[in-house]
Number of protein chains: 2
Amino acid sequence: MDKKTVTIKDIARMLGISKSTVSRALSGRSDIHPETKQKIMALANDLHYEPNALAINLKQQKTNTIGVIVPETVNRFFARAVGGIQKVSDMAGVNVMICQSNESYISEKNNLHSLVSSRVDGLIVSISSETDRTDHFKPIFERGIPIVFFDRICEDVHASQVYTDNYEIAFEGTEHLITRGYRRIAFVAGPQHLFNSRNRLLGYLDALKKHNLPVKESYIIHSHYGSGKVEEYTRYLMQLPQRPDAVFAINDYAAIEMMHIMKKNGLKIPEDVAFLGFNNEDMCRFVEPPLSSIDHPAHDMGAAAAEILINQMRHPDLKPESRIIKSRLVVRESSGARLVL
Amino acid sequence: MDKKTVTIKDIARMLGISKSTVSRALSGRSDIHPETKQKIMALANDLHYEPNALAINLKQQKTNTIGVIVPETVNRFFARAVGGIQKVSDMAGVNVMICQSNESYISEKNNLHSLVSSRVDGLIVSISSETDRTDHFKPIFERGIPIVFFDRICEDVHASQVYTDNYEIAFEGTEHLITRGYRRIAFVAGPQHLFNSRNRLLGYLDALKKHNLPVKESYIIHSHYGSGKVEEYTRYLMQLPQRPDAVFAINDYAAIEMMHIMKKNGLKIPEDVAFLGFNNEDMCRFVEPPLSSIDHPAHDMGAAAAEILINQMRHPDLKPESRIIKSRLVVRESSGARLVL
DNA sequence: TATTTTTTCGAGACCGTTCCCGGGAACGGT
DNA sequence: ACCGTTCCCGGGAACGGTCTCGAAAAAATA
């Protein structure tokens with residue numbers, strides 16, 4: 001068997017020419033006789049020659065690939081964002097390496113070093129929910145590797161950012177519930193060291209203030225993404241002396257599960273309790289009643305991040321860029337008009 | 001700024017020693033004076049030295065990483081499978097490179113060459129729904145790179161395989177519907193060049209035969225994954241002179257959307273039409289009525305694939321291995337007992 | 001003190017490419 | 001017949017590490 005992988009040198013030897021010539025043919029340069037090139041290409045094809053990207057990248061001092069770190073792709077928001085990244089990367093002819101931090105700081109750090117070690121030319125990162133310090137990004141960014149943070153951005157690194165108008169849309173969502181007649185609005189918040197979560201909470205609070213509604217600490221739940229505690233939270237809310245008449249949740253999963261449990265306990269949606277989620281997952285349309293949600297343009301965010309990054313890879317002296325992508329409130333029946341005030 | 005990345009040679013020069021010694025310290029070998037090692041480690045740390053994985057891998061002639069090609073991670077089945085792959089890979093200390101084919105043959109081929117070019121030590125692949133030939137895998141597998149196909153396996157490459165008991169579970173699912181009193185069972189099938197789809201269809205057909213039910217071609221829909229034609233299919237089924245009283249769908253998305261449309265058209269689930277899906281997505285629990293489904297153990301399949309692959313990477317003369325993972329029928333209300341026969 | 005063993009380190013080849021540079025052949029113009 | 005171009009091609013350094021081999025220094029042994 002020809003177990004050994006075939007190299008440029010093998011081809012050169014078999015053809016009785018130098019490896020320089022083979023390299024020239026394979027990398028499509030012009031200063032080579034068409035006939036020689038033809039022979040080289042034919043043999044390379046026969047032998048199933050695969051160029052060694054390691055050697056090429058080492059020599060060229062660049063890899064033409066961007067590294068991506070996202071919390072987890074089972075979260076469809078991130079899966080779609082990665083889709084957006086790959087779409088524009090493919091168009092631009094650059095490769096993508098995807099890593100998942102699984103919402104773990106240590107794993108995010110490992111991914112980061114692994115990517116830098118592989119000499120990616122740039123990074124697109126959405127930090128884990130556990131990450132509350134940024135010392136791992138700083139030296140890498142300062143070394144000149146462009147970074148674009150998206151959605152879960154890292155505030156104290158002066159890199160490019162792509163995020164949504166969290167504050168505004170949370171404000172709008174809350175106001176929507178208020179104008180529909182809901183007054184006791186609970187808020188399922190995310191970890192407060194995350195930029196997104198903080199701004200969403202602020203939007204919620206300011207909307208309450210604007211409409212002269214009291215802010216009750218007992219209505220604010222500080223959850224973690226995917227904490228699996230939704231049932232506990234739901235029971236907590238239901239047993240409150242003044243049960244909330246609406247819930248604005250940090251994501252659709254929490255909203256849907258909560259809604260489900262409340263329904264099983266005989267509460268009517270949206271008459272007794274309205275629901276508003278975040279992310280506008282497909283399944284919002286299929287639950288009973290269909291869930292109102294904030295459409296979070298994942299694909300666009302990924303695409304924008306890749307655009308910015310690739311641009312900076314090509315023009316290293318460009319300044320970091322911030323881009324804000326607009327979210328959109330999608331109203332469905334779960335936040336319909338309240339019947340009884 | 002120290003824009004240039006620091007290398008082993010830089011450290012050697014600054015310390016007035018040879019790069020061999022630095023290499024020894026950094027790669028943790030023993031034949032080095034503790035004090036020298038200490039100094040090297042300290043300086044490396046100060047300079048934020050990151051080893052160049054390209055150089056190391058090139059020299060070592062192996063990368064200690066496995067390449068993964070899946071159709072798309074927005075499909076949660078594959079996202080979970082990737083999770084399983086990464087879990088056991090992390091435990092074993094090997095890296096993972098994830099690529100998405102987006103259900104495209106050409107893109108699958110590109111991914112494949114890109115991974116081989118990056119000299120991954122092994123491959124885990126679930127082929128795209130478009131892929132109906134296998135000539136791209138053959139030369140690579142014959143070159144000695146171990147491959148594990150999972151779920152969407154490639155039959156004519158004699159590589160390792162991990163798949164579920166498609167035939168048996170489709171048989172069981174169909175029989176379940178029959179024993180619950182449903183007689184006119186429609187089947188939403190996948191592309192027939194895929195091993196899975198074929199076997200599931202066979203299971204369905206054989207279950208009908210066993211119970212002496214007629215096979216009606218008009219009840220069998222040949223769909224493509226994610227074709228966006230569910231509404232068309234649903235209308236087609238509803239207008240049949242003998243409307244089916246049950247639908248067994250290739251995946252939960254199709255089942256849920258179909259169920260939703262039929263409900264809107266006034267059909268009672270499961271009294272008028274029962275539903276059974278495939279994959280047991282989270283949302284099955286939250287739709288109305290909860291959707292019965294086949295639990296497809298994605299995480300376990302990924303984990304098994306990684307186990308087998310890593311084992312073969314470590315012991316190159318191992319024979320290819322096939323492993324069958326058991327699926328499980330999860331009965332919920334969408335396939336409850338029929339009231340009117 | 002002489003010899004052997006152990007410890008610690010340096011020189012340099014090598015992995016598979018790219019690319020600069022220089023050289024020979026062919027060719028056209030004078 | 002000579003010279004300047006143009007066209008092809010080969011030699012060899014470089015990319016950043018690892019690793020083998022041997023040598024010098026230090027320690028142990030005789």
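A residue counts as near a molecule or strand when one of its heavy atoms lies within 4 Å of it. With that in hand, here are the close-ups. This is a predicted model, in which local features need pLDDT of at least 70 and side-chain atom pairs count only at pLDDT 80 or more, while totals for chains, interfaces and linings use all residues. Residues are numbered from 1 along each chain as its sequence is written, chains are lettered from A and ligands numbered from 1 in the order in which they are written, and side-chain values use heavy atoms, without hydrogens and water.

**View 1. The protein surface around DNA strand C.** Strand C is surrounded by 29 residues, and the closest are A:Ile8, A:Ser23, B:Thr21, B:His33 and B:Thr36. Sorted by type, this surface has nine nonpolar, 11 polar and nine charged residues (nonpolar: Ala, Val, Leu, Ile, Met, Phe, Trp, Tyr, Cys and Pro; charged: Asp, Glu, Lys and Arg; polar: the others, Gly among them). Sugar or phosphate accounts for 62% of the atoms of strand C within 4 Å of the protein, and bases for the rest.

**View 2. Side chains at the bases of DNA strand C.** The polar contacts here are pairs of N or O atoms within 3.5 Å; within protein, one atom must be able to donate a hydrogen and the other to accept it, and residues adjacent in sequence count only if both atoms are side-chain atoms. Look for B:Arg24, with a polar side-chain atom 2.9 Å from a base nitrogen of strand C. The side chain of B:Lys59 has an N or O atom 3.1 Å from a base oxygen, and that of A:Ser20 has one 3.4 Å from a base nitrogen.

**View 3. Backbone and side-chain contacts to DNA strand D.** Two phosphate oxygen contacts use backbone N or O atoms: one from B:Ile8 at 2.8 Å and one from A:His33 at 2.9 Å. B:Tyr49 joins in through its side chain, where an N or O atom is 2.8 Å from a sugar or linking oxygen of strand D. Elements giving two or more residues to this surface include helix 3 (34-46) of chain A and helix 1 (8-15) of chain B; helices (H or I, at least four residues) and strands (E, at least two) are DSSP runs, numbered from the N terminus.

**View 4. An edge-to-face ring pair in chain B.** B:Tyr163 and B:Phe195 sit 5.2 Å apart, centre to centre, with 80° between their planes. Rings of Phe, Tyr and Trp (its six-membered ring) pair if their centres lie within 6.5 Å; planes under 30 degrees apart count as stacked, over 60 as edge-to-face and the rest as tilted. B:Tyr163 belongs to strand 5 (residues 160-164) and B:Phe195 to helix 9 (residues 195-210), so the pair ties together parts 32 residues apart in sequence. B:Tyr163 is buried at 16% relative accessible area, and B:Phe195 is buried at 14% (buried: under 20%; exposed: over 50%; partly exposed in between; 1.4 Å probe, protein chains only).

**View 5. A stacked pair in chain B.** The rings of B:Phe248 and B:Phe278 have centres 5.8 Å apart and planes at 10°, so this pair is stacked. Here strand 8 (residues 246-249), which holds B:Phe248, is tied to strand 9 (residues 274-279), which holds B:Phe278. Both residues are buried, B:Phe248 with a relative accessible area of 0% and B:Phe278 at 1%.
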